[in-house]
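Please open the structure in your viewer and keep the sequence panel visible. The stops below can be selected one after another.

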Amino acid sequence: MNSRVALLLSSFFLSALIGPLDASDTSAAADSMARKLQHIEQNAADAKPDTTPTEFTEQEVNAYFAAGRVKLPQGVESVRFEGQPDLISSTARVDFDQIKAGQRSSNPLLSAFSGVHNLEVKAHARGAGHKGYVEVESVALDGVEVPHFVLQLFVDKYLKPKYPGVGLNSEFALPDKIDTARVGQHKLTVTQK
């Protein structure tokens with residue numbers, strides 16, 4: 001399974017579970033997501049892919065993450081997504097000391113990014129013309145919104161050296177001949193061509 005497709009689709013777009021699931025429901029939803037990702041990969045191998053949209057539910061995405069089928073960056077756990085039209089809200093438990101991997105900063109504005117915190121991110125996301133677009137609207141640590149300029153300092157200092165394509169506003173090529181990706185209410189719809 002192409003984990004970059006799973007991570008891109010999941011973290012770029014989706015949403016939180018509508019309600020609690022028992023273990024068998026979680027496993028079935030994660031398996032369903034895996035089958036859809038495999039379909040996307042196989043469809044991309046065709047010279048002229050089938051343009052029938054593939055729809056992922058937030059239940060599938062969250063179950064896929066909960067089952068550990070996506071390798072998250074060290075220090076990030078318990079990721080959950082919630083989708084609304086063109087908007088993704090995500091939550092995670094983050095150990096910033098692991099993310100910073102021993103790097104230190106004398107900038108007092110970055111001192112909030114230490115220890116373990118609940119992180120909430122809201123971002124506008126879409127895909128069009130084989131490109132993905134993400135604009136981070138807000139980030140909160142333990143319910144307190146982080147000022148945009150402080151967040152930019154953190155991204156520049158700690159994330160960009162490890163993940164050069166990461167930013168508060170990102171544009172990137174979509175993989176596997178994905179032409180469009182639309183975040184809807186509790187779902188993501190992708191079309192290949």
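What follows is a tour of a predicted model, from the whole chain to single residues.

**The whole chain**

Begin with the full chain in cartoon view. It holds 5 helices and 9 strands. Read from the start of the sequence, their order is α-α-β-α-β-β-α-β-β-β-α-β-β-β. Of the 193 residues, 43% count as buried. Switch to a surface view: the exposed area is about 10,100 Å², and carbon and sulfur atoms supply 52% of it. Among contacts with a sequence separation of 6 or more, 66% are between residues 24 or more positions apart.

**Helix α3**

Select residues 58-66, which make up helix α3. Is this helix largely enclosed or not? Because 7 of its 9 residues are buried, α3 is largely enclosed by the rest of the structure. Show the side chains of the buried residues: Glu 58, Glu 60, Val 61, Asn 62, Ala 63, Tyr 64 and Phe 65. The list includes Glu 58 and Glu 60, which count as buried along with Val 61 and Phe 65. Then step to Gly 68, just after α3, where phi is positive at about 75°.

**The β2-β3 hairpin**

Next, select residues 76-84 (strand β2) and residues 87-95 (strand β3). These strands pair in the antiparallel sense, with 7 bridges between them. At the turn, pick Gln 84 in the one strand and look across to Leu 87 in β3, which stands opposite. The hairpin has 2 residues between its strands, and one residue in the turn, Asp 86, has a positive phi of about 65°.

**The aromatic cluster**

Now show the aromatic rings. The structure holds 5 aromatic pairs. Among them is that of Phe 96 and Phe 113, an edge-to-face pair with 5.5 Å centre to centre and 70° between the planes. Phe 96 belongs to helix α4 (residues 96-100), while Phe 113 lies in the loop between α4 and β4 (116-128); the two residues are 17 apart, and the pair links distant parts of the chain. Phe 96 has a relative accessible area of 3% and is therefore buried. Phe 113, at 2%, is buried as well.

Keep Phe 113 selected and add Phe 154. This pair is stacked, with 4.3 Å centre to centre and 25° between the planes. Here too distant parts of the chain are linked: Phe 113 is in the loop between α4 and β4, Phe 154 is in helix α5 (residues 148-159), and 41 residues separate them. Phe 154 has 4% relative accessibility, so this residue counts as buried. Which residues make up the cluster? Add Tyr 158 to the selection: Phe 96, Phe 113, Phe 154 and Tyr 158 form one aromatic cluster.

**Around strand β5**

Select strand β5, residues 131-141. Which strands pair with β5? Go through them in turn:

- β4 pairs with β5 in the antiparallel sense over 10 bridges. Gly 127 stands opposite Gly 132 in β5. The hairpin has 2 residues between the strands, and Gly 129 in the turn has a positive phi of about 60°.
- β6 (residues 144-145) runs antiparallel to β5 and is joined to it by 2 bridges. Leu 141 has Val 144 in β6 as its bridge partner. This hairpin has 2 residues between its strands, and Asp 142 takes a positive phi near 50°.
- β7 (residues 169-173) is antiparallel to β5, with 5 bridges joining them. Glu 135 has Asn 169 in β7 as its bridge partner.

While in this region, select Arg 126 and Tyr 133. The charged end of Arg 126 sits over the ring of Tyr 133, 4.3 Å from the ring centre.

**Asp 50**

For the last stop, centre the view on Asp 50, in the loop between α2 (23-45) and β1 (54-57). Is Asp 50 buried or exposed? Its relative accessible area is 39%, so Asp 50 is partly exposed. Show Thr 52 too: its side chain and that of Asp 50 are joined by a polar contact of 2.8 Å. Leaving out residues up to four places away in sequence, Asp 50 touches Asn 43 and Gln 192. Finally, select Thr 191: its C-alpha atom is 8.6 Å from that of Asp 50, although the two residues are 141 apart along the chain.

Methods
Residues numbered from 1 in each chain as written. Predicted model: local features only at pLDDT ≥ 70, side-chain atom pairs only at ≥ 80, totals over all residues. Heavy atoms only, no water. Helix = DSSP H or I, 4+ residues; strand = E, 2+ residues; numbered from the N terminus. Buried < 20%, exposed > 50% of the residue type's maximum accessible area, 1.4 Å probe, protein only. Contact = heavy atoms within 4.5 Å. Polar contact = N/O pair within 3.5 Å; in protein donor to acceptor, adjacent residues only side chain to side chain. Pairing = 2+ DSSP bridges. Phe/Tyr/Trp six-rings, centres within 6.5 Å; stacked < 30°, edge-to-face > 60°. Lys NZ or Arg CZ within 6 Å of the ring centre and 35° of its normal. Areas by Shrake-Rupley, 256 points an atom, 1.4 Å probe, with all protein chains shown as cover.
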